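Subject: Structure for you to look at

Dear colleague,

I am passing on the structure that we talked about, and I would be glad if you looked through it slowly before reading my notes. Please keep the sequence and the 3D view open side by side as you go.

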Amino acid sequence: MTTSVPQTPPRILVVGSINMDLVVRSERLPAPGETLVGRSLSEIPGGKGANQAVGAARLGADVSLVGRLGNDGFGGTLRSALAIEGVRLDGVLPTPECCSGVAMIGVEDSGQNCITVVPGANGLLTSDDVQAEEFARADVLLLQLEVPVETVLTAIKLAKKNDVLTILDPAPAVLNFPPELLNVDVVCPNESEAALLTGVEITTAKSARHAAGKLQQLGARHAIITLGDKGAVFRDASGSSGHVEPFPVTAIDTTAAGDAFAAAIGLRLAEGASLHEATEFACAAGAVAASRKGAQPGMPTRADINRLLAQA
Ligand code: ADP
């Protein structure tokens, strides 16, 4: 089932992180204290918030991003990359005397990687940076956990006051997860995040449905658990649940599949789709993202997704 473009694009607000991914490829990863000669260096715009913003913009949404960038060269490059995608950046604040968020990613020929994330300016995004007027003009709020948890909680409260649909991708997993974070309309963890939040070991679609039910008991109205190359399960507010099978693609880089997924869920729910329909569309979005290199460069357009849906 393909989807058509609505006349007024949904307005999606993203509060979250913006990072530069610095990817160094080498034959093998260095041991502590060792110096190696690498093969290549790539600078790829990333960060979960920025990825979701670009994902939603490519699908045709009217997207605003709230975040922070450092006072360095990466800040300028990241801002331009987002502007080219049509993301509104009035809420992206400059942060003097601080670096932009950076993920240093070492990848060896076997595919094994090693990542150091420096939150930089993302770590300084405060509740005061989240302005009430941004919420007054939004249909959907997309959230993740690469910025301080208190800021995410403030954004949830403001969204509720303004009748904005709240969607949380609880990634990366955080220690001391405050239970109020699950007081959202949709939560969409992957299987390991869902296992941590619920204590349910997820080995099958059935156990994933059980974990989805637990996420609802913990506060979420709808729950979706993404299962990588096994698709996703959903359970809606009425208790109706299902498993969306994966779309067959050749996976090349699954880095931002979950971000493409969350953006697509936000878009389709804003367009009035059911949770089941939105999950199907989002599985196709995640599959396209997994079949392409790079976080933001790999985000699908609506035409890409419709092509995959039509084939299925
Ligand atoms: P995360 O990146 O958060 O770990 P997942 O890896 O579960 O998220 O991917 C999100 C969604 O993208 C999955 O639910 C699935 O629909 C799709 N996806 C991811 N990897 C593949 C794959 N190899 N083949 C097909 N679909 C995939």
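What follows is a short account of what was found, beginning with the sheet and ending with two single residues.

Please keep in mind throughout that this is a predicted model.

The sheet is a good place to start, since the helices described below are placed against it. Nine strands make up an open sheet with mixed pairing, and their order across it is β5-β4-β1-β8-β9-β10-β11-β12-β13. At its edges are β5, residues 88-95, and β13, residues 241-244, each of which pairs on one side only. Within the sheet, strands β10 (residues 186-187) and β11 (residues 222-226) run parallel and are joined by two bridges; if you look at valine 186, you will find that its bridge partner in β11 is histidine 222.

Two helices can then be placed against these strands. Helix α4, residues 149-161, packs on the sheet and touches β1, β8 and β9, with a direction that makes about 170° with that of β8. Helix α8, residues 275-290, lies across β11, β12 and β13, and runs at about 160° to β12.

Next comes the nonpolar interior. The largest nonpolar core has 55 residues, and those with the most contacts inside it are Leu65, Ile224 and Ile265. Helix α8 supplies the largest share of this core, namely 10 residues. Another core lies apart from it and has 37 residues, including Val149, Leu181, Leu215 and Ala220. Leaving out residues up to four places away in sequence, isoleucine 224 touches, among others, Val186, Val187, Phe234, Ile265 and Thr279.

That last contact leads to the first of the two residues. Is threonine 279 buried or exposed? Threonine 279 is found in helix α8, and it counts as buried because its relative accessible area is 0%, where buried means under 20%. Beyond its neighbours within four places in sequence, threonine 279 is in contact with Ile224, Ala232, Phe234, Val244, Phe261 and Ile265.

Leucine 36, by contrast, lies in the loop between β2 (19-26) and β3 (40-46), and it counts as partly exposed because its relative accessibility is 31%. Not counting residues up to four places away in sequence, leucine 36 touches Ser26, Arg28, Leu29 and Pro30. Serine 26 is 10 residues from leucine 36 along the chain, and their C-alpha atoms are separated by 8.0 Å.

With best wishes

Technical notes
Residues are numbered from 1 along each chain as its sequence is written. This is a predicted model: local features need pLDDT of at least 70, side-chain atom pairs count only at pLDDT 80 or more; totals for chains, interfaces and linings use all residues. Side-chain values use heavy atoms; hydrogens and water are left out. Two strands pair if DSSP finds at least two bridges between them. Helices (H or I, at least four residues) and strands (E, at least two) are DSSP runs, numbered from the N terminus. Contact means heavy atoms within 4.5 Å. Axes are lines fitted to C-alpha atoms, for helices over the stretch in contact, and angles run from 0 to 180 degrees between N-to-C directions. A nonpolar core is a set of buried Ala, Val, Leu, Ile, Met, Phe, Trp, Tyr and Cys residues joined through side-chain atoms within 4.5 Å. Buried means under 20% relative accessible area, exposed over 50%, partly exposed in between (1.4 Å probe, protein chains only).
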